[in-house]
Amino acid sequence: MNVEQMKIVVKEILSKTDLTPCIVGHRGVGKSAGIIQSCRELERRYVSLRLGQMEVGDLVGIPFRSGDVMQWSRPSWMPGDDEPPTVIHCDELNRAQQEDTLQAIFQFVEPPAEGMLRAIHTHKLSRRHKVVVSINPPDGSYQVATLDRALVDRMVMLYVETDYQCWARYAQRRDLSGEVRQFLGGNQNLLAKQGMPMDLQVEPSERAWEMVSTLKKNCSFPAELEMEVYAGVVGREAAITFMRWLSDRQGRPITAQEVLNDWPAVAKRAGAQRDDVQAATINDLTATLQVFPELSDEQEENLVAYIALLPRDLRFGFVKTLLKIPEVALRLVHDKHDHVIYDAIHAINQQAG
């Protein structure tokens, strides 16, 4: 994506989530300028941390004694709870010269756990303040450290590239020299040359898919950027597969909510599902009922109707799983469901015998 597109994505993430965007791009492409402009447009204060110049004490504060307790002073760069909403830009993250400096900032760039606040050592950061990271790619042309997979897994990687049209609009707004603009209009190859591919070790993980879920539920990205954003969380291959799955509504598995709450409308589709797709519906129902086992009378009837159309093997396996959920089991053993459930329970008892 170009810098203008990066600004759209960064503003969306910072204003609607607690996730940490990490801007990856070659020198001079406009990473820092784009972040500063995003802060200005969001009406947020901007604080820059040049991590290549910092030591651990600059991040966690200086220790002092308070009675019998060791405390750490809050660093001057860290905004307090009552200060204006601020974006802290961890610039040159992979230029940290000391390994312990990189380890110290690790906690700070990690999105806060549910119900918790972002923190660094003993210092908590109010939710009104946000964090953004920028780095040069570790492609061999920069003196940077390689970020390990655990750290990469905690950020949304956004790859920014040179784009002449984007730069030309920026140059016009900044009223750069007309001669320079005219020259580059005819010599676009003299803008920054790209180096090696910038992709880092971004791979799917449980944490990554939770981040995708947060982005999907809270953010609205332009259609042409959505796949790029998800690729920066779970990797390009997984993102492409996910986007194809989103577009293929006809082939999607029926969800647990559809089975339980909208059965008449999806019954025909449910019966036509392949076994592998049926398995996805069964897994969704199992997970849903394990967390929310209380069923209304209508949901009970819908669940039994779904079980009734399953192939014999899938039905037995699903009933066996449901009988391990006490609240659901009590619903299924009613006499009125014998025509659907009895055979499965009988087969399970034979298996146990």
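This briefing walks through the strands, salt bridges, surface charge and backbone angles of the structure above. The model is a predicted one. A good place to begin is strand S5 (residues 86–91), where six of the six residues are buried, so the strand is largely enclosed by the rest of the structure. Charged side chains also deserve a look, as the structure holds 21 salt bridges.

**Strand S5 and its neighbours**

- In S5 both faces are covered. Thr86, Ile88 and Cys90 are buried on one side, and Val87, His89 and Asp91 are buried on the other.
- That split follows a familiar pattern: in a regular strand the side chains alternate between the two faces of the sheet.
- Strand S2 runs parallel to S5, and six bridges join the two. If you want a point of reference for this pairing, Arg45 stands opposite Thr86 in S5.
- S5 also pairs with strand S8 (residues 130–135), again in the parallel sense, over five bridges. Here His89 stands opposite Val132 in S8.

**A hairpin from S3 and S4**

- Strand S3 (residues 63–66) pairs with strand S4 (residues 69–72) in the antiparallel sense, and four bridges hold the pairing.
- Across this pairing, Phe64 stands opposite Gln71 in S4.
- The two strands form a hairpin with two residues between them. One residue in the turn is Gly67, which has a positive phi of about 65 degrees.

**Salt bridges between separate elements**

- As background, side chains of opposite charge can pair when their charged atoms come close.
- Lys7 and Glu41 form a salt bridge in which the closest N and O atoms are 3.1 Å apart. Lys7 lies in helix H1 (residues 3–16) and Glu41 in helix H2 (residues 31–42), so the pair ties together parts that are 34 residues apart in sequence.
- The two partners differ in exposure: Lys7 counts as buried at 10% relative accessibility, whereas Glu41 counts as partly exposed at 42%.
- Asp18 forms a salt bridge with Arg127, with 2.7 Å between the closest N and O atoms. This pair links distant parts of the chain, 109 residues apart: Asp18 sits in the loop between H1 and strand S1 (21–25), and Arg127 in the loop between strand S7 (123–125) and S8.
- Asp18 has a relative accessibility of 19% and counts as buried, because the cut-off for that class is under 20%.
- Arg269 and Glu258 meet through their side chains in a salt bridge with an N to O distance of 4.0 Å. Arg269 belongs to helix H12 (residues 263–272) and Glu258 to helix H11 (residues 256–261), eleven residues apart.
- Both partners of this pair are partly exposed, Arg269 at 33% relative accessibility and Glu258 at 25%.
- There is also a network: Asp297, Glu300, Glu301, Arg331 and Lys336 are joined into one by salt bridges that share partners.

**Negative charge on the surface**

- Glu55, Asp58, Glu99, Asp100 and Asp148 gather on the surface in a patch of negative charge.
- Within this group, Glu55 is found in the loop between strand S2 (45–50) and helix H3 (56–60). Glu55 is partly exposed, with a relative accessible area of 47%.

**Positive phi outside glycine**

- Glu43 is not a glycine, yet it has a positive phi of about 60 degrees. This residue is placed in the loop between H2 and S2 and counts as exposed at 72% relative accessibility.
- His121 is another residue other than glycine with a positive phi, near 60 degrees. His121 is found in the loop between strand S6 (118–120) and S7, and at 35% relative accessibility it counts as partly exposed.

**Two distances along the fold**

- Leu158 lies in strand S9 (residues 156–160) and counts as buried, with 0% relative accessibility. Its C-alpha atom is separated by 7.2 Å from that of Met6, although the two residues are 152 residues apart along the chain.
- Trp245 lies in helix H10 (residues 236–247) and counts as partly exposed at 39% relative accessibility. Between the C-alpha atoms of Trp245 and Leu322, 77 residues apart along the chain, the separation is 28 Å.

Key
Residues numbered from 1 in each chain as written. Predicted model: local features only at pLDDT ≥ 70, side-chain atom pairs only at ≥ 80, totals over all residues. Heavy atoms only, no water. Pairing = 2+ DSSP bridges. Patch = residues over 30% accessible without salt bridge, like charges linked within 9 Å, V, L, I, M, F, W, Y side chains within 5 Å. Areas by Shrake-Rupley, 256 points an atom, 1.4 Å probe, with all protein chains shown as cover. Lys, Arg positive; Asp, Glu negative; His and termini not counted. Charge placed at Lys NZ, Arg CZ, Asp CG, Glu CD. Buried < 20%, exposed > 50% of the residue type's maximum accessible area, 1.4 Å probe, protein only.
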